[in-house]
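Colleague: I would like a close look at a single part of this model, taken slowly and with the numbers.

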Amino acid sequence: MTADAFDVDALMTLALDEARAAITHDDVPVGAVIVRTTDGAVLARRHNERELTGDPTAHAELLAITDAARARDGWRLDDCALVVTLEPCPMCAGAALAARIPLVVFGAADPKAGALGSLYHFGADPRLHHGIDVHDGVRAEEAAALLREFFAARRLQ
């Protein structure tokens, strides 16, 4: 599956808007969007809420996957794509696999925790039942700048 069926740039704009919203409650600026690939309909859009909720699993991707499954009234998101500002961690890549999401589009790579190419590549492991196609680097500098600015501001505090 490729990202050619929908406007990746516009969807990354939504994800970046979500990432900026996370900053308002001192969460790491990561945003995620779930889109149905057949028609481009956005099923969910979320941002990190770990600090807001005190929940270590409240990553943007997990929240968006949960919302999309509720919107679909079913857990299989096999006709969807996950668009996220930062490469998913192992927990989020695992959730995308569990939801049968066939395509993940991300902005900035995460060399410390990325699980779709940087540190691990869960989507390409032949031992798993399903794979994930990855389209990376979409507006990567913009997504990385948000993260750099957030952490620089925290160091000054």
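How many bridges join β1 to strand β3, and in which sense do the two run, parallel or antiparallel? Please start there and work outwards through the sheet and what packs on it.

Modeller: This is a predicted model, and the values below are computed from it. Strand β3 covers residues 80-86; five bridges join β1 to β3, and the two run antiparallel. One position along this pairing is Val35, which stands opposite Ala81 in β3.

Val35 also has a partner in another strand: in β2, its bridge partner is Val42. β1 (residues 31-36) and β2 (residues 42-47) pair in the antiparallel sense, again over five bridges. Two further positions can be read off between these strands. Ile34 has Ala44 as its bridge partner in β2, and Ala32 stands opposite Arg46 in β2. The connection is a hairpin with five residues between β1 and β2, and Gly40 in the turn has a positive phi of about 80°. As for solvent, β1 is mostly covered, with five of its six residues buried.

Now the sheet as a whole. It is open and made of five strands, in the order β2-β1-β3-β4-β5, and its pairing is mixed. β2 and β5 (133-135) are the edge strands, each pairing on one side only. From one strand to the next the twist averages 15°. Helix α5 packs on this sheet and touches β3 and β4, its direction making about 60° with that of β4.

β4 spans residues 103-108 and contains Phe106. Phe106 has a relative accessibility of 2%; the cut-off for buried is under 20%, so Phe106 counts as buried. Leaving out residues up to four places away in sequence, Phe106 touches Met12, Val84, Leu86, Glu87, Pro88, Leu116, Val134, His135, Asp136, Gly137 and Val138. Cys80 is 26 residues from Phe106 along the chain, and their C-alpha atoms are separated by 14 Å.

Next, the helix on the sheet and its neighbour. Two packed helices are described by the angle between their axes and the distance between the axes. For α1 (residues 8-23) and α5 (residues 140-156), the angle is about 5° and the axes are 11 Å apart. Angles under 35 degrees count as roughly parallel, and α1 and α5 are therefore roughly parallel to each other. On the α1 side the contact involves Leu16, Ala19, Arg20 and Ile23, which meet Glu142, Ala143, Leu146 and Phe150 in α5. Sorted by class, the contact of α1 with α5 has six nonpolar residues, two charged ones and no polar ones.

Phe150 leads on to the aromatic rings. A pair of aromatic rings is described by the distance of the centres and the angle of the planes. The count comes to two aromatic pairs. One of them is formed by Tyr120 and Phe122: it is tilted, at 5.8 Å centre to centre with 45° between the planes. Tyr120 is partly exposed, with a relative accessible area of 43%, and Phe122 is partly exposed as well, at 24%. In the pair of Phe150 and Phe151, the ring centres are 5.1 Å apart and the planes stand at 80°, so this pair is edge-to-face. Phe150 is buried, with a relative accessible area of 7%, whereas Phe151 is partly exposed at 35%.

Last, the loops that lead into the two strands you asked about. Most residues other than glycine have a negative phi, and most peptide bonds are trans. Asp26 is not a glycine, yet has a positive phi of about 60°. Asp26 is in the loop between α1 and β1, and at 36% relative accessibility Asp26 counts as partly exposed. Asp73 has a positive phi too, near 60°, and is likewise a residue other than glycine. Asp73 lies in the loop between α3 (60-72) and β3. With a relative accessibility of 74%, Asp73 counts as exposed.

To return to the starting point: β1 pairs with β2 in the antiparallel sense, and β1 and β3 also run antiparallel. Val35 takes part in both pairings, with Val42 as its bridge partner in β2 and Ala81 opposite in β3.

Note on methods. Residues are numbered from 1 along each chain as its sequence is written. This is a predicted model: local features need pLDDT of at least 70, side-chain atom pairs count only at pLDDT 80 or more; totals for chains, interfaces and linings use all residues. Side-chain values use heavy atoms; hydrogens and water are left out. Axes are lines fitted to C-alpha atoms, for helices over the stretch in contact, and angles run from 0 to 180 degrees between N-to-C directions. Helices (H or I, at least four residues) and strands (E, at least two) are DSSP runs, numbered from the N terminus. Angles under 35 degrees count as roughly parallel, over 145 as roughly antiparallel, 65 to 115 as roughly perpendicular and the rest as oblique. Contact means heavy atoms within 4.5 Å. Ala, Val, Leu, Ile, Met, Phe, Trp, Tyr, Cys and Pro count as nonpolar, Asp, Glu, Lys and Arg as charged, and the others, Gly among them, as polar. Two strands pair if DSSP finds at least two bridges between them. Rings of Phe, Tyr and Trp (its six-membered ring) pair if their centres lie within 6.5 Å; planes under 30 degrees apart count as stacked, over 60 as edge-to-face and the rest as tilted. Buried means under 20% relative accessible area, exposed over 50%, partly exposed in between (1.4 Å probe, protein chains only).
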